[in-house]
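Student: Could we go through this structure together, one region at a time? I would like to ask short questions as we go.

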Amino acid sequence: MKPIQPQTKRNIYKILEVLKEAGDTGIHIRGIARALNLHPERVSTIIKTYMSYFVEIRTINQFGLRAKIIKLPDDKKNVTIEKILSLYSIKKSIKNNK
């Protein structure tokens with residue numbers, strides 16, 4: 001299994017911090033991208049690949065615009081990067097053993 005790049009780990013950590021700061025209202029993917037100076041597609045990929053189990057994604061359609069609002073549910077507010085990477089490793093090893 002290919003190791004996770006250090007920059008990806010840093011981005012996961014930074015995204016997690018932004019989500020914790022956003023609180024119960026959540027934040028749009030572009031808002032996360034702006035706060036971290038990352039491309040929105042990169043943020044979306046990281047959330048989908050590594051963090052999907054730990055976040056709640058709500059899609060809204062208003063005024064002809066579609067947006068994904070991301071937030072940490074109450075039961076996942078204390079998640080750490082170690083837990084995220086651990087779950088990813090477990091999922092990856094299960095997938096590789098099929």
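Student: Which helix is Ile94 found in?

Tutor: Ile94 belongs to helix 4. Please keep in mind that this is a predicted model.

Student: Why does Ile94 count as partly exposed?

Tutor: Its relative accessibility is 49%. Buried requires under 20% and exposed requires over 50%, so Ile94, at 49%, counts as partly exposed.

Student: And what distance separates the C-alpha atoms of Ile94 and Arg30?

Tutor: Those two C-alpha atoms are separated by 32 Å. Along the chain, Ile94 and Arg30 are 64 residues apart.

Student: Let us turn to the interior. How many residues does the largest nonpolar core have?

Tutor: The largest nonpolar core has 25 residues, and those with the most contacts inside it are Ile15, Leu19, Ile32 and Met51. Two or more residues of this core come from each of helix 1 (6–22), helix 2 (29–36), helix 3 (40–51) and helix 4 (81–96).

Student: What is Leu19 in contact with, leaving aside its neighbours within four places in sequence?

Tutor: Leu19 then touches Ile27, Ile32, Met51, Val55, Ile70, Lys71 and Leu72. Two of these partners, Ile32 and Met51, were also named among the core residues with the most contacts.

Student: Now the strands. What order do they have in the open sheet?

Tutor: The open sheet has three strands in the order 1-3-2, and the pairing is antiparallel. Strand 1 (27–28) and strand 2 are the edge strands, each pairing on one side only.

Student: How many bridges join strand 2 to strand 3?

Tutor: Seven bridges join strand 2 (residues 56–62) to strand 3. Within this pair, Thr59 stands opposite Lys68 of strand 3. The hairpin has two residues between the strands, and Phe63 takes a positive phi near 55° there.

Student: One last topic: how much space lies in the largest pocket?

Tutor: The largest pocket holds about 250 Å³ of space. Its lining includes His28, Arg30, Glu41 and Lys68, and at least two lining residues come from each of helix 2, helix 3 and strand 3 (65–71).

Student: What kinds of residues make up that lining?

Tutor: The lining of the largest pocket has four charged, three polar and three nonpolar residues. Arg30, whose distance from Ile94 we discussed, is one of the lining residues.

Definitions and conventions: Residues numbered from 1 in each chain as written. Predicted model: local features only at pLDDT ≥ 70, side-chain atom pairs only at ≥ 80, totals over all residues. Heavy atoms only, no water. Core = buried A, V, L, I, M, F, W, Y, C linked by side-chain atoms within 4.5 Å. Buried < 20%, exposed > 50% of the residue type's maximum accessible area, 1.4 Å probe, protein only. Helix = DSSP H or I, 4+ residues; strand = E, 2+ residues; numbered from the N terminus. Contact = heavy atoms within 4.5 Å. 1 Å grid on protein atoms, 1.4 Å probe; cavity = no way out; pocket = protein on both sides within 12 Å on 5 of 7 lines; lining within 4 Å. Points joined across faces, edges and corners; volume = space filled by probe spheres on them. Nonpolar A, V, L, I, M, F, W, Y, C, P; charged D, E, K, R; others polar. Pairing = 2+ DSSP bridges.
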